[in-house]
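Me: I'm new to reading protein models, so could you walk me through this one? Let's look at it and take things one at a time.

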Amino acid sequence: MADGLRYLVRRRAAQGARLMALGAWAAAAALSLAPGGGVCAAVARPAGSLPAAGARPGAPRSVRPEAAPARVEFTRYAAAAPILAAFRGSGLPGSGIATPSAWDRWIRAHDAEVRGRIARGVEDSITNLIFYGTSFTRQPRLADWSVALDARGRLTPLAAARLRDFLAAVRALGPARGPRPLQAAGAGGRLAFAARFLARARPPAQWPAYLEANLRRFVAEQTAYQRRLAAAQASGNRQDIVLARSFLFEHRGLSVDTSLMPNFALTDTLRVLLAKGVLHAGQIHRIAVIGPGLDFADKREGYDFYPEQTLQPFVLLDGVAGLGLGRAPDLALATLDINPQINAHVAGLAARAAAGRPYVLQLPLADDVPWTPAALAYWRSAGDHIGHPAPPLAPPPQVRHVKVRAVAFAPAWEARVRPVNLDIVAQTMPGAGFDLIVATNILVYYDPLEQALALANITAMLAPGGIFMANDVLPAVHPPDLEFLGRRGLPYTTDHSFGDSVVVYRRR
Ligand SMILES: C[S@@+](CC[C@H](N)C(=O)[O-])C[C@H]1O[C@@H](n2cnc3c(N)ncnc32)[C@H](O)[C@@H]1O
């Protein structure tokens, strides 16, 4: 078993986002990356051989941009046709479609199918909360999902006790109705959300069996992912390894998990793109974060001792402003997501800004992981360019090996972040003109055809010269006006077993 995989199994296997991050990283390592290893192929070239800085045509905008000015529409047949042709005969859903009317029907049905995976993701989040939460129980956290069931497939006493405590806590909330206050008391918000979800899913008498079945499904799925990765690894075939990692979650429920470090990889790659002249100061006005995530599910590096939060929009704005790639009066960020829980959270930012309440991010960091000095430095400074230090919340006694810092973002920054309900596989906003679009730990949930459709949808939303970055290995099939600039690996740990590989594209 490769080091990365061993590390994955030992420390991270319960974490969807982590698993994906590591998967992408290990795949990059397995491929040795491009020549010059660890640096984007394009940015490794001398700056002189690149398109001139500011290759994006047109003068800098003088008008302050709106975050999401364009209309959301389904991917048109004209944009999809070349992708369908490339995948014809692949057997992938949709690949046999050959007429505009069939396409229009299919893409709408497919959008509904994609959105249908959200509920399964919520079930997984609730399972994680049961395994690792500290707000509803005095029981220790599970060491790992793999100790939830014993050798005979029964719930272990610890898992059973946690399930009981969780049930008691959600039942004690009573029929939870009404809007959930944004960033309400950390655990309370999560439990109230879980109670509402359960109430919609099943009659209360069925909750114990339903939750236990979800828990078993989760463990079975995680076991299968591990086996799939191990089999690919054992084959020694690089192609198999890349494919196994790139589409690992293509049938999984859509999770909302999020964590800080992918933003380190994104910010550091922006730094390199700036240094190499691919990007220039002040170039970025409009940003889109596809799938920003919500730190809802408690897992080894997400906790429930602080309110639910979305990290990526704020730390990305911080990175862009800190590098001088964008300037405060100009910057606006749209989140593109299909999850109503996330969209409601982001929509709540406007009211929060209007009430003059800052957005406080808690940034936990495991202190028993061999972080690189650069990753540690990122954790210590994330948010500092546009936010200011806030008192961190203290972890409860069951939470060990974690340190926390907190950073507060002024209402003016909250007001710059707006949600858009958009399915990146099936929808786009032509002419949205984003200068930067990021998507981390999301495309791994989709098959290659869906990923190719997502790339087409992203291309339609990019301004000329705009940059798209992701941390998944993506299919080679992408529109001709989207240029692949390269891939750049960044380890987060000194043993190089945990990190990300960022792919960079530019709209011609
Ligand atoms: C695992 S989270 C990743 C969060 C964050 N990007 C990170 O790396 O920490 C996946 C996110 O993608 C969103 N998502 C999944 N499928 C999507 C789709 N088809 N269109 C838009 N958002 C999607 C989920 O709702 C969630 O916000």
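Me: At what angle do helix α6 and helix α9 pack?
Reply: This is a predicted model, where local features need pLDDT of at least 70, side-chain atom pairs count only at pLDDT 80 or more, and totals for chains, interfaces and linings use all residues. Residues are numbered from 1 along each chain as its sequence is written. Helices (H or I, at least four residues) and strands (E, at least two) are DSSP runs numbered from the N terminus, and axes are lines fitted to C-alpha atoms, for helices over the stretch in contact, with angles from 0 to 180 degrees between N-to-C directions. Helix α6 (residues 118-132) and helix α9 (residues 207-235) have axes 9 Å apart, and they pack at about 95 degrees.

Me: Which word describes how α6 and α9 lie to each other?
Reply: Angles of 65 to 115 degrees count as roughly perpendicular. The pair α6 and α9 is therefore roughly perpendicular.

Me: How many residues of the contact of α6 with α9 are nonpolar?
Reply: Contact here has C-beta atoms, placed from the backbone, within 7 Å. On the α6 side you'll find Ile-126 and Ile-130 among others, and they meet a group in α9 including Leu-211 and Phe-218. Ala, Val, Leu, Ile, Met, Phe, Trp, Tyr, Cys and Pro count as nonpolar, Asp, Glu, Lys and Arg as charged, and the others, Gly among them, as polar. Besides 2 polar and 2 charged residues, the nonpolar ones come to 5.

Me: Which are the edge strands of the open sheet?
Reply: Strands pair if DSSP finds at least two bridges between them. The open sheet has 7 strands in the order β7-β3-β2-β9-β10-β12-β11, with mixed pairing. Strands that pair on one side only sit at the edges, and these are β7 (417-421) and β11 (482-491).

Me: What is the bridge partner of Ala-288 in β9?
Reply: Strands β2 (residues 286-290) and β9 (residues 434-439) run parallel and are joined by 3 bridges. In β9, Ala-288 has as its partner Ile-437.

Me: How many nonpolar residues does the shell around the ligand have?
Reply: The ligand is surrounded by 27 residues, and the closest include Thr-258 and Asn-339; a residue is near if its C-beta atom, placed from the backbone, lies within 6 Å. Both α2 (16-30) and β3 supply at least two residues of that shell. Alongside 10 polar and 3 charged residues, the nonpolar count is 14.

Terms used
Angles under 35 degrees count as roughly parallel, over 145 as roughly antiparallel, 65 to 115 as roughly perpendicular and the rest as oblique. Two residues are in contact if their C-beta atoms, placed from the backbone, lie within 7 Å.
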